[in-house]
There are 4 protein chains.
Amino acid sequence: MDTKKKTDTLKRLKSIEGHIRGVHKMVDEDTYCIDVIGQIQAIQAALNKVKGQILDDHLHHCVITAVQGEDPKERERVLAEISEVFETATKV
Amino acid sequence: MDTKKKTDTLKRLKSIEGHIRGVHKMVDEDTYCIDVIGQIQAIQAALNKVKGQILDDHLHHCVITAVQGEDPKERERVLAEISEVFETATKV
Amino acid sequence: MDTKKKTDTLKRLKSIEGHIRGVHKMVDEDTYCIDVIGQIQAIQAALNKVKGQILDDHLHHCVITAVQGEDPKERERVLAEISEVFETATKV
Amino acid sequence: MDTKKKTDTLKRLKSIEGHIRGVHKMVDEDTYCIDVIGQIQAIQAALNKVKGQILDDHLHHCVITAVQGEDPKERERVLAEISEVFETATKV
């Protein structure tokens, strides 16, 4: 990842960590369940955003390198990983 | 898509179509809601499977062609599409 | 389901069935993969809508009846089903 | 939430917070993208688990109270919330 993207991703992860602590406090203080669930769903959306950024970066670096490279096994491995990430994405 | 994969995908789509008709019948006959929902979720899982097959095929053909090609704009377009598919996948 | 809601749900399912046939045709005619995937995602969103309608109806009939009823086992069964549907929903 | 369930939920959230910090470290140290994405997906699955626990608790307390209660508006409000949570669940 280039420095700017990496800084942004790290900042988002810090913010998500704080968000989790907020949910912990909500549960501890017996906040109304539906409000807690709403915050958890916001965290999951934020994690999807981070995941998207990382995947996008991966496509533009590792995938390009592997696909343009000389090693057919490495190319196959990298493409199979993308398929797998995609499949898991629809299951969490 | 090569002929074998295509035949398999078309067969799965035919089966999903029949499955949808089955759900139509269930709703028409006032089947217990939870059982109907269970069948709809099975159809969604089957559609994920088809989507995965098509994406996998796409990665092995169009993506390889574009990434190995001479046109940086076309490469960028193809990679951006993958990112977008991935992002939408987590939202349906 | 009351007649109006049922008619609407059946109509949506008919439309989804036609949409599936459209995707079958697209695959058969070798339409660009990403366009096919986009249509499949539209179908999945339409199925989510139907699922939501059925669940909403279920909450307003079976769940109310069971929760207001005299049988604690039946109440437990109905609530456990909702939890289960919710859990599966996040996995397809 | 009863004390035992609450303790368990709080423990899970603490563990997820640590997991997020782990992902932060992975990104900072330029760990292979696909491994980072795998960890994020594990966190999302863990959040789904917590969400399921909270919803289950909600169904067994607030929902039962509202559905058995005298106020039809409150009952409607609580059931509409469940439908909404379900709808959002399929979008994150």
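At 25% relative accessibility, B:Cys62 counts as partly exposed in this predicted model. A cysteine with some access to its surroundings invites a look at its possible partners, and the cysteines are a convenient place to start. How many disulfides does the structure hold over all chains? The count is 0. For A:Cys33, which is in no disulfide, the nearest cysteine sulfur belongs to D:Cys62 and lies 4.6 Å away. A disulfide would require the two sulfur atoms to be within 2.5 Å, so the 4.6 Å that separates the sulfurs of A:Cys33 and D:Cys62 does not qualify. A:Cys33 itself counts as buried, with a relative accessibility of 13%. B:Cys62 is likewise in no disulfide, and its nearest cysteine sulfur is that of C:Cys33, at 4.6 Å. The 2.5 Å limit again explains why this pair is left out.

The next topic is how the copies are arranged. Chain A is superposed on chain D by a rotation of 180° with 0.0 Å of shift along the axis, and the RMSD of the fit is 0.0 Å. The two copies are thus related as by a two-fold rotation axis. Both copies use the same surface, as 100% of the contact residues of chain A recur in chain D. A similar description applies to another pair: a turn of 180° and a shift of 0.0 Å along the axis lay chain D on chain C with an RMSD of 0.0 Å. Here too the same surface serves both copies, with 100% of the contact residues of chain D recurring in chain C.

The interface of chain A and chain D can be described in some detail. The size of an interface is often given as the accessible area lost when the parts come together. For chain A and chain D, the area buried between them is about 3,900 Å², and 72% of it falls on carbon and sulfur atoms. In terms of residues, 39 of chain A are in contact with 39 of chain D. Polar groups take part as well: 17 residue pairs are in polar contact between chain A and chain D, both residues being at pLDDT 80 or more. Which elements of chain A give two or more residues to the side that touches chain D? They are α1 (3-28), α2 (33-68) and α3 (72-89) of chain A. The largest share of that side, 17 residues, comes from α2(A). Charged side chains also meet here, with 4 salt bridges found across the interface of chain A and chain D. In one that pairs D:Glu17 with A:Arg21, the closest N and O atoms are 2.9 Å apart.

Over all chains, the salt bridges number 36. Some examples follow. In chain B, B:Asp57 forms a salt bridge with B:Lys5, and the closest N and O atoms are 3.8 Å apart. This pair links distant parts of the chain, with B:Asp57 in helix α2 (residues 33-68) and B:Lys5 in helix α1 (residues 3-28) of chain B, 52 residues apart. Are the partners buried or partly exposed? B:Asp57 is buried, with a relative accessible area of 2%, whereas B:Lys5 is partly exposed, with 34%.

Other salt bridges lie within a single helix. B:Arg12 and B:Asp8 meet through their side chains at 3.2 Å, N to O. Both sit in helix α1 of chain B, and their spacing of 4 residues means that about one helical turn separates them. B:Arg12 is partly exposed, with a relative accessible area of 30%, and B:Asp8 counts as partly exposed at 30% relative accessibility. In chain C, C:Glu74 forms a salt bridge with C:Arg77, with 3.0 Å between the closest N and O atoms. These two are 3 residues apart in helix α3 (residues 72-89) of chain C, so that about one helical turn lies between C:Glu74 and C:Arg77. C:Glu74 counts as partly exposed at 31% relative accessibility, and C:Arg77 does so at 37%. Salt bridges can also share partners, and in this way A:Lys14, A:Glu17, A:Arg21, D:Lys14, D:Glu17 and D:Arg21 are joined into one network. That network includes the residues D:Glu17 and A:Arg21, the pair whose closest N and O atoms are 2.9 Å apart.

Definitions and conventions:
Residues are numbered from 1 along each chain as its sequence is written. Chains are lettered from A and ligands numbered from 1 in the order in which they are written. This is a predicted model: local features need pLDDT of at least 70, side-chain atom pairs count only at pLDDT 80 or more; totals for chains, interfaces and linings use all residues. Side-chain values use heavy atoms; hydrogens and water are left out. Buried means under 20% relative accessible area, exposed over 50%, partly exposed in between (1.4 Å probe, protein chains only). Copies are superposed by least squares on the C-alpha atoms of residues with pLDDT of at least 70 in both. Contact means heavy atoms within 4.5 Å. Buried area is the accessible area (1.4 Å probe) that two parts lose on being put together, summed over both. A polar contact is a pair of N or O atoms within 3.5 Å; within protein, one must be able to donate a hydrogen and the other to accept it, and residues adjacent in sequence count only if both atoms are side-chain atoms.
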